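Please open the structure in your viewer and keep the sequence panel visible. This tour proposes one selection after another and states what is found at each stop.

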Amino acid sequence: MVTITPKSAAIILGKSKTFTAKINGITSTQVSWTLSGNKSKKTKITTTGKLTVGSDEKATTLTVKAVSKADKTKSATATVKIAAKENSKFTSGNFTYIITNGKTNGSGTVTLTGIVKGKKVTTLTVPATVKCQSISYKVTAVGDKAFDQNKRLKKAVIGSNVTKIGKNAFRDCTSLTEVTVGNKVTKILSGAFLRCKSLKKITIGTGLKEIGTHAFCMDKALRTMTIKSTKLTKVGNHLMNATNNLKIKVPAAKVSDYKKLFANKAQGKNVKVIK
């Protein structure tokens, strides 16, 4: 009986991995290694089981096979998934992404960078994870200018793994009316929701620590902002210019602290921090 370790693997373009074989439970070099499914001549496996994936490989799945030299009727196979390099751009559904951490064990990360050209999206739900070439990545950020000047978007729900909303991410989204921000978001950077003139309501989760300058500047329709976080310590200047008649609902224990935090940030008239 022949077995291969690992039985399955994910390998990044341009990288290598060595497989080992056992015959009847004992590690052995008395096997012949072959490879199938590859489209690149640079993707090769050596006689010792070292697989190198070419940087130009177009296949998404390969098969590694080990055959006993003593008995060619005995063999085993392993499945290899091909993973993209860090900083690779890709699309999933209606959206575009860039890989920010190329780990292939489920802890890799991506940033959502925008909408696929030609797609008409009115509701955005940022997923917790997406797949690129069969590898799963966590979506941990909405990138700078990701939805800048999008006139169709009406509602946005920021996913459960997102930690940052980038600069000008939703700037001039003039049809946007409601936003829900997940509990892992710690930073809403400058201009993130600048001039979202139809935005009426935003709910922000428990993880928020920082809001950048002009983040909600000139959001003239904004009436309710709910901040569930008790960790907010930094609020940028000119945060809410021309944003009037706004109630900022915060945890009861933080009303006093947050009143001080939001004071003199150039907000409009009748902006109140309440529990």
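A residue is called buried when its relative accessible area is under 20%, exposed when that area is over 50%, and partly exposed in between (1.4 Å probe, protein chains only). Helices (H or I, at least four residues) and strands (E, at least two) are DSSP runs, numbered from the N terminus. The model is predicted: local features need pLDDT of at least 70, side-chain atom pairs count only at pLDDT 80 or more, and totals for chains, interfaces and linings use all residues. Residues are numbered from 1 along each chain as its sequence is written, and side-chain values use heavy atoms, with hydrogens and water left out.

**Stop 1: strand E2**

Select residues 8–12, which form strand E2. Which of its side chains are buried? Ala-9 and Ile-11 point to one face and are buried, while Ser-8, Ala-10 and Ile-12 point to the other and are not. In a regular strand the side chains alternate between the two faces of the sheet.

Now add strand E10, residues 75–83. Two strands pair if DSSP finds at least two bridges between them; E2 and E10 do so in the parallel sense, over five bridges. Ser-8 stands opposite Thr-79 in E10.

**Stop 2: Ser-68**

Move to strand E9 (residues 61–68), where Ser-68 is placed. Ser-68 has a relative accessible area of 5% and is therefore buried. Contact here means heavy atoms within 4.5 Å. Setting aside neighbours within four places in sequence, Ser-68 is in contact with Val-2, Ile-23, Gln-30, Val-31 and Lys-74. A polar atom of the Ser-68 side chain also lies 3.2 Å from the backbone nitrogen of Asp-71.

**Stop 3: the seven-stranded sheet**

Next, display the open sheet formed by seven strands in the order E14-E17-E19-E21-E23-E25-E26, with parallel pairing. Its edge strands, E14 (123–125) and E26, each pair on one side only. From one strand to the next, the twist averages 10 degrees.

Select E19 within this sheet. Val-179 and Val-181 point to one face and are buried, whereas Glu-178 and Thr-180 point to the other and are not. Strand E17 (residues 155–157) pairs with E19 in the parallel sense over three bridges, and Val-157 has Thr-180 of E19 as its bridge partner. E19 is also joined to E21 by four bridges, and these two strands run parallel. Across that pairing, Val-179 has Ile-202 as its bridge partner, and Val-181 stands opposite Ile-204.

**Stop 4: the loop between E18 and E19**

Select Lys-167, in the loop between strand E18 and E19. Is Lys-167 buried or partly exposed? Its relative accessibility is 44%, so Lys-167 counts as partly exposed. Lys-167 and Gly-191 are 24 residues apart in sequence, yet 5.7 Å apart in space, C-alpha to C-alpha. Not counting residues up to four places away in sequence, Lys-167 touches Asp-144, Lys-145, Leu-189 and Ser-190.

Asp-172 lies in the loop between E18 (164–165) and E19. At 13% relative accessibility, Asp-172 counts as buried. Beyond residues up to four places away, Asp-172 touches Gln-149, Asn-150, Lys-151, Leu-194, Arg-195 and Cys-196.

**Stop 5: the largest nonpolar core**

A nonpolar core is a set of buried Ala, Val, Leu, Ile, Met, Phe, Trp, Tyr and Cys residues joined through side-chain atoms within 4.5 Å. The largest one has 59 residues, of which Phe-147, Phe-170, Phe-193 and Phe-216 touch the most other members. The elements that give two or more residues to this core include strand E12 (95–101), strand E16 (135–142) and helix H1 (255–262). Another core lies apart from it, with 21 residues, among them Ala-21, Leu-51, Ala-76 and Val-80.

Centre the view on Phe-216. Apart from neighbours within four places in sequence, its contacts include Phe-193, Ile-202, Ile-204 and Met-225.

**Stop 6: helix H1**

Finally, select H1, in which Val-255, Tyr-258, Leu-261 and Phe-262 are buried. Seen down the axis, the buried residues of H1 fall within an arc of 120 degrees (taken from the directions from the helix axis to the C-beta atoms), so they line one face of the helix. The elements covering them include E23, strand E24 (234–235), strand E25 (247–249) and strand E26 (272–274). After H1 comes Asn-264, whose phi is positive, near 60 degrees.

How values were computed: Axes fitted to C-alpha atoms, helices over the stretch in contact; angles between N-to-C directions. Polar contact = N/O pair within 3.5 Å; in protein donor to acceptor, adjacent residues only side chain to side chain.
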